Amino acid sequence: MVVSSSVLSRFACLLVAVGAAGCAHTLVTFDPDGRPLLWQRLDQSVQVAEAAGLANVFTSTDLPQRTERRVGQLHIHADFPLAGQHRLIRELDNLRVSISQQLDLPISDEPIHLYLFADLEDYQGFVRRHFPQFPTRRACFVETDTTLAVFAAWQERIAEDLRHETTHGYLHAVVPGLPLWLDEGLAEFFELPEASVGLHERHAAHLAGRLLEGTWQPQLERLEALEDAAAMSQDHYAEAWCWVHWLLRTTPERRQLLERYLTDLRHDPITAPLSVRLREAEGPPTVTTAAIRQHLELAAAR
Ligand SMILES: [Zn+2]
């Protein structure tokens with residue numbers, strides 16, 4: 001998504017929430033008179049008066065605060081006892097270096113706040129009070145110009161959810177202008193346990209099945225045109241992961257192409273899209289599409 005700097009005002013926020021089919025994104029901002037406007041990517045140009053409380057959410061008394069931990073870039077606030085040496089917390093801390101090394105990105109010291117609720121209903125109540133128009137999800141990522149924060153319920157899929165949302169945090173700390181498809185593709189890639197080395201078996205099986213049916217073809221330009229997370233289907237999330245996996249796990253040249261793209265985005269969000277760069281490096285889209293199909297068939301057969 002390309003958002004002009006005038007839209008990203010002092011109070012601008014980006015919400016990202018994980019759901020069964022991936023993330024839903026919501027852009028929240030305030031007009032010059034301080035009245036809240038909320039452009040949901042789910043429902044464009046909807047005004048929501050309840051968003052008025054958003055600017056105060058980070059000073060709210062109903063934030064989890066029983067346990068406070070600082071681990072690397074992560075500032076953890078939980079409403080239950082949680083050791084800083086908890087395996088998942090160590091894993092999330094290590095993810096910072098892993099993302100930096102695999103994408104050749106710098107490491108930021110910008111805090112990422114993790115607000116963790118022991119009880120799913122407590123979390124959902126908090127979201128209803130502070131983000132009343134936001135759909136019910138297990139976790140969400142909120143970005144303002146001063147704060148990166150993840151809100152999540154400590155439930156069965158907490159590890160996957162926190163790896164996904166914290167990836168958004170680490171990425172947004174250093175690449176603010178990341179396109180929607182790549183933001184999600186990278187989060188899907190890094191939400192997996194390290195032992196998976198980025199191979200998302202569920203996505204690979206899904207796309208391989210769609211190829212067999214003859215009902216889907218990879219097309220990067222179609223992903224790049226996405227600006228609305230509501231328009232992102234399971235196919236889109238899976239395909240976004242697939243392009244990222246292909247770029248990072250096949251040849252050094254493709255990995256470097258992605259690294260250069262991210263570096264350019266850091267300096268100017270309006271830069272040549274990845275599809276244009278791939279055409280120069282790999283040939284016409286038919287060649288790249290054939291390579292992606294082959295990669296997917298191999299990945300699904302593992
Ligand atoms: Zn996401």
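**Exercise 1. Describe how helix H7 (residues 252-267 belong to its partner, H8) is placed against helix H8 in this predicted model, starting from the axes.**

Solution. The axes of H7 and helix H8 (residues 252-267) come within 6 Å of each other and cross at roughly 120°. An angle of 65 to 115 degrees would count as roughly perpendicular, and the crossing at roughly 120° therefore makes H7 oblique to H8. The next step is to list the residues that meet: Trp246, Leu247 and Leu248 come from H7, while Arg254, Arg255, Leu257 and Leu258 come from H8. Sorted by class, this contact has 5 nonpolar residues, 2 charged residues and no polar ones.

**Exercise 2. Work out how helix H4 is oriented against H7, and which residues form the contact between these helices.**

Solution. Begin again with the axes, which for helix H4 (residues 180-190) and helix H7 (residues 234-249) come within 8 Å and cross at roughly 75°. Because this angle falls in the range from 65 to 115 degrees, H4 is roughly perpendicular to H7. On the H4 side the contact is made by Trp181, Glu184, Gly185, Leu186, Glu188 and Phe189, and on the H7 side by Tyr237, Ala240, Trp241, Trp243, Val244 and His245. The residues of this contact divide into 8 nonpolar, 2 polar and 2 charged.

**Exercise 3. Decide whether Leu186 is buried or exposed, and find its contacts beyond its close sequence neighbours.**

Solution. Leu186 lies in helix H4, and the step that settles its burial is a count of C-beta neighbours: there are 27 inside 10 Å, so Leu186 counts as buried, given that 20 or more are needed. Once the neighbours within four places in sequence are left aside, Leu186 is in contact with Thr167, Leu171 and Val244. A further distance links Leu186 to Cys242, which is 56 residues away along the chain, with a separation of 9.8 Å between the C-alpha atoms.

**Exercise 4. Trace the pairing partners of strand S6 and state how they run relative to it.**

Solution. Strand S5 (residues 74-78) is joined to S6 by 5 bridges, and these strands run parallel; within this pairing, Leu74 stands opposite Ile112. Strand S8 (residues 148-153) is joined to S6 by 6 bridges, and here too the strands run parallel, with Ala149 in S8 as the bridge partner of His113. Turning to the connection between strands, S5, helix H1 (residues 87-103) and S6 make a β-α-β unit that is left-handed. Finally, 5 of the 6 residues of S6 (residues 112-117) are buried, so this strand is largely enclosed by the rest of the structure.

**Exercise 5. Describe strand S7, its burial and its pairing with S8.**

Solution. Strand S7 (residues 139-143) is mostly covered, since 5 of its 5 residues are buried. Ala139, Phe141 and Glu143 point one way from the strand, whereas Cys140 and Val142 point the other way, and all of them are buried. S7 pairs with S8 in the antiparallel sense over 5 bridges, and in that pairing Cys140 stands opposite Phe151. The connection from S7 to S8 is a hairpin through 4 residues.

**Exercise 6. Which residues other than glycine have a positive phi here, and where do they lie?**

Solution. Most residues other than glycine have a negative phi. Asp104 is not a glycine, yet has a positive phi of about 55°; this residue is found in the loop between H1 and S6, and its 13 other C-beta atoms within 10 Å make Asp104 partly exposed. Val197 also has a positive phi, near 40°, and lies in the loop between H4 and helix H5 (201-213). With 11 other C-beta atoms within 10 Å, Val197 is exposed, as the cut-off for that class is 12 or fewer.

**Exercise 7. Place Arg90 in the structure, then step back to the chain.**

Solution. Arg90 is found in helix H1 and counts as partly exposed, with 14 C-beta neighbours inside 10 Å. Arg90 and Val71 are 19 residues apart in sequence, and their C-alpha atoms are 8.0 Å apart in space. For the chain, the count is 10 helices and 8 strands, and buried residues make up 38% of its 302 residues. Among contacts with a separation of 6 or more, 63% join residues 24 or more positions apart.

Definitions and conventions:
Residues are numbered from 1 along each chain as its sequence is written. This is a predicted model: local features need pLDDT of at least 70, side-chain atom pairs count only at pLDDT 80 or more; totals for chains, interfaces and linings use all residues. Helices (H or I, at least four residues) and strands (E, at least two) are DSSP runs, numbered from the N terminus. Two residues are in contact if their C-beta atoms, placed from the backbone, lie within 7 Å. Two strands pair if DSSP finds at least two bridges between them. A crossover is right-handed if, with the strands pointing away from the viewer, the path from the first strand over the helix to the second runs clockwise. Axes are lines fitted to C-alpha atoms, for helices over the stretch in contact, and angles run from 0 to 180 degrees between N-to-C directions. Angles under 35 degrees count as roughly parallel, over 145 as roughly antiparallel, 65 to 115 as roughly perpendicular and the rest as oblique. Ala, Val, Leu, Ile, Met, Phe, Trp, Tyr, Cys and Pro count as nonpolar, Asp, Glu, Lys and Arg as charged, and the others, Gly among them, as polar.
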